[in-house]
Amino acid sequence: MNIYALLAHHKKDSLCGHLYKELVTDLERRGHNVDSLYLYEHAADIPFWIPSKPQTEREQAQLAFFEQNKQRIMQADGLLIVFPIYWYSVPGILKCWIDLISTYAWEIPQRGARKANPRHSIKNAQFVSIADLPNWYLRLFTGNTAQRQLRETFKFMGVQNIAHYQIGSVHTLNTDRVDKHVSKLVTQSQKLFG
């Protein structure tokens, strides 16, 4: 299976980076082809829009990333996204990436449709988020905004199987607890991607 894996954290050596590396390593060990994207390495290339005729060098670089990313997502069978919760939602760079893929990964069959027709082949998606706030707080007071946003967006885009794993109260974690989360994440990944 071809898995498109995204890390939406500005530090590769963060907890998000650690979880990402563990999952990618396990996916590759199980024979999956993993295409890795570190979003913050392309921060200048992820536009809020794509100009029809790029004028500046920056616009040309953005268009090049747009085309490259389009090819990568259209070749994927599965999707892995690891990110921190920022102000109850996904990081802005991840939201811009979602907006970017929305221009080609699906089409609306008719006005007011509840589901889009996918142009991609992604059937399974695993989302992993971390937060400083406890999970109970995120559920009770924020309604898990990031989880709902990703789940509903990708469900609308035709992704059939979506799993979200959220780790709260990260400031209280020790090595043993991180290892337990990694074990649970790998189990979730194995069920989802095979």
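Helix 2 (residues 57-74) and helix 3 (residues 92-101) pack with their axes 10 Å apart, at an angle of about 75°. Since angles of 65 to 115 degrees count as roughly perpendicular, the two helices are therefore roughly perpendicular to each other. The model is predicted. Besides this helix pair, the points below treat the contact of helix 1 with helix 6, the aromatic pairs, and several single residues.

**Helix 2 and helix 3**

- Helix 2 contributes Phe65, Phe66, Asn69 and Ile73 to the contact, and helix 3 contributes Trp97, Leu100 and Ile101.
- By residue class, this contact has six nonpolar residues, one polar and no charged.
- One of the helix 2 residues in the contact, phenylalanine 66, counts as buried, at 10% relative accessibility.
- Phenylalanine 66 also lies 7.6 Å from isoleucine 46, C-alpha to C-alpha, with the two positions 20 residues apart in sequence numbering.

**Helix 1 and helix 6**

- Helix 1 (residues 15-29) and helix 6 (residues 175-193) have axes that come within 10 Å and cross at roughly 40°.
- That angle makes helix 1 oblique to helix 6.
- The crossing of the two helices is right-handed.
- On the helix 1 side, the contact is made by Leu15, His18, Leu19, Glu22, Leu23, Asp26, Leu27 and Arg29.
- On the helix 6 side, Val178, Val182, Leu185, Val186, Ser189, Gln190 and Phe193 take part.
- The residues of this contact divide into nine nonpolar, three polar and three charged.

**Glutamine 188**

- Helix 6 also holds glutamine 188.
- Glutamine 188 has a relative accessible area of 18%, and because buried means under 20%, this residue is classed as buried.
- Not counting residues up to four places away in sequence, glutamine 188 touches Gln126, Ala163, His164 and Tyr165.

**Aromatic pairs**

- The structure holds eight aromatic pairs.
- In the pair of tryptophan 106 and phenylalanine 156, the ring centres are 5.1 Å apart and the planes stand at 80°, so the pair is edge-to-face.
- Tryptophan 106 belongs to strand 4 (residues 106-107) and phenylalanine 156 to helix 5 (residues 145-156), so this pair ties together parts that are 50 residues apart in sequence.
- The two partners fall on either side of the 20% limit for burial: tryptophan 106 counts as buried at 18% relative accessibility, whereas phenylalanine 156 is partly exposed at 21%.
- Phenylalanine 127 and phenylalanine 154 form a tilted pair, with 5.4 Å from centre to centre and 45° between the planes.
- Phenylalanine 127 lies in strand 6 (residues 124-130) and phenylalanine 154 in helix 5, so here the parts tied together are 27 residues apart in sequence.
- Phenylalanine 127 is buried at 0% relative accessibility, and phenylalanine 154 is buried with a relative accessible area of 1%.
- Trp136, Tyr137 and Phe141 form one aromatic cluster.

**Phenylalanine 83**

- Phenylalanine 83 is part of strand 3 (residues 78-84).
- At 0% relative accessibility, phenylalanine 83 counts as buried.
- Leaving aside neighbours within four places in sequence, the contacts of phenylalanine 83 are Ala8, Cys16, Val90, Pro91, Leu94, Phe127, Val128, Ser129, Ile130, Ala146, Leu150 and His164.
- One of these contacts, Phe127, is the strand 6 partner in the tilted pair with phenylalanine 154.
- Another, His164, is also touched by glutamine 188.
- The C-alpha atoms of phenylalanine 83 and glycine 168 are separated by 12 Å, and the two residues are 85 residues apart along the chain.

**Loop between strand 3 and helix 3**

- Tryptophan 87 is found in the loop between strand 3 and helix 3, and tyrosine 88 lies in that loop too.
- Tryptophan 87 has a positive phi of about 50° although it is not a glycine.
- Tyrosine 88, also not a glycine, has a positive phi of about 75°.
- Tryptophan 87 is exposed, with a relative accessible area of 80%.
- Tyrosine 88 is partly exposed, with a relative accessible area of 35%.

Methods: Residues numbered from 1 in each chain as written. Predicted model: local features only at pLDDT ≥ 70, side-chain atom pairs only at ≥ 80, totals over all residues. Heavy atoms only, no water. Axes fitted to C-alpha atoms, helices over the stretch in contact; angles between N-to-C directions. Helix = DSSP H or I, 4+ residues; strand = E, 2+ residues; numbered from the N terminus. Parallel < 35°, antiparallel > 145°, perpendicular 65-115°, else oblique. Left-handed = near helix turned anticlockwise from the far one by under 90°. Contact = heavy atoms within 4.5 Å. Nonpolar A, V, L, I, M, F, W, Y, C, P; charged D, E, K, R; others polar. Phe/Tyr/Trp six-rings, centres within 6.5 Å; stacked < 30°, edge-to-face > 60°. Buried < 20%, exposed > 50% of the residue type's maximum accessible area, 1.4 Å probe, protein only.
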